[in-house]
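Student: Could you take me through one part of this model up close? I'd like to hear about the aromatic residues packed inside and whatever surrounds them.

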Amino acid sequence: MADSKFMPRCLNNKRQMAYSTLGFIIPCCWTDYPNTKDYKMFFEDSLHIDKNETIDDILKTDTWQKFYHMLENSPDAAPKHCITMCSNKTNPNKDKVIL
């Protein structure tokens, strides 16, 4: 995929955060996989919405800060699913708006 470029949509406001049915805020609906090593950190008990006063409280945690730092500064370390869904050549549905 030499001509494919990874562009994390959660960093450029082209993909909104999501709210999982389990009560957690996740980077986007494509990351709603609580049992995988790549995203299980977003489903820790301390990040449940009932355990926090505001969404900002959740987004300011080390978990979220480290994830966004990795996407911005070490994109090669991003989960494969993120790379697949947010690469310009690999996801034909990346520009669809889901309401």
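Tutor: Here is a walk through one phenylalanine, its ring partners, and then the cavity and a few other spots. Keep in mind that this is a predicted model.

Let's start with F67, which is found in helix 2. Its relative accessibility is 3%, and because the cut-off for buried is under 20%, F67 counts as buried. Leaving out residues up to four places away in sequence, F67 touches P27, M41, F42, P79 and C82.

Pick F42 out of that list. F42 has 0% relative accessibility, so F42 counts as buried too. Along the chain F67 and F42 are 25 residues apart, yet C-alpha to C-alpha they are 9.7 Å apart in space. The structure holds 5 aromatic pairs. In the pair made by F42 and F67, the ring centres are 5.0 Å apart and the planes stand at 85°, so the pair is edge-to-face. F42 lies in the loop between strand 2 (25-26) and helix 1, while F67 lies in helix 2, so this pair ties together parts that are 25 residues apart in sequence. Nor do the rings stop there: ring pairs link F42, W64, F67 and Y68 into a cluster.

W64 from that cluster brings us to L59, since L59 is in contact with M17, W64 and Q65 once its neighbours within four places in sequence are left aside. L59 lies in helix 1, residues 55-59, and at 17% relative accessibility L59 counts as buried. L59 and L47 are 12 residues apart along the chain, with their C-alpha atoms separated by 9.1 Å.

Now back to C82, one of the residues that F67 touches. C82 also turns up at the cavity: the structure holds 1 cavity of 30 Å³ or more, with a volume of about 100 Å³. Its lining has 13 residues, and C10, C28, T31, C82 and C86 lie nearest the centre. The elements that give two or more residues to this lining are helix 2 (62-73) and helix 3 (80-85). Helix 3 gives the most, with 3 residues. By type, the lining divides into 10 nonpolar, 2 polar and 1 charged.

One more ring to look at is W30. The charged end of R15 sits over the ring of W30, 3.7 Å from the ring's centre.

Notes. Residues are numbered from 1 along each chain as its sequence is written. This is a predicted model: local features need pLDDT of at least 70, side-chain atom pairs count only at pLDDT 80 or more; totals for chains, interfaces and linings use all residues. Side-chain values use heavy atoms; hydrogens and water are left out. On a 1 Å grid over the protein atoms alone, a cavity is a set of points where a 1.4 Å probe fits but cannot get out, and a pocket is an open set with protein on both sides within 12 Å along at least five of seven lines; lining residues have an atom within 4 Å of a point. Grid points are joined across faces, edges and corners, and a volume is the space filled by probe spheres set on the points. Helices (H or I, at least four residues) and strands (E, at least two) are DSSP runs, numbered from the N terminus. Ala, Val, Leu, Ile, Met, Phe, Trp, Tyr, Cys and Pro count as nonpolar, Asp, Glu, Lys and Arg as charged, and the others, Gly among them, as polar. Buried means under 20% relative accessible area, exposed over 50%, partly exposed in between (1.4 Å probe, protein chains only). Contact means heavy atoms within 4.5 Å. Rings of Phe, Tyr and Trp (its six-membered ring) pair if their centres lie within 6.5 Å; planes under 30 degrees apart count as stacked, over 60 as edge-to-face and the rest as tilted. A charge sits over a ring if NZ of Lys or CZ of Arg is within 6 Å of the ring centre and within 35 degrees of the ring normal.
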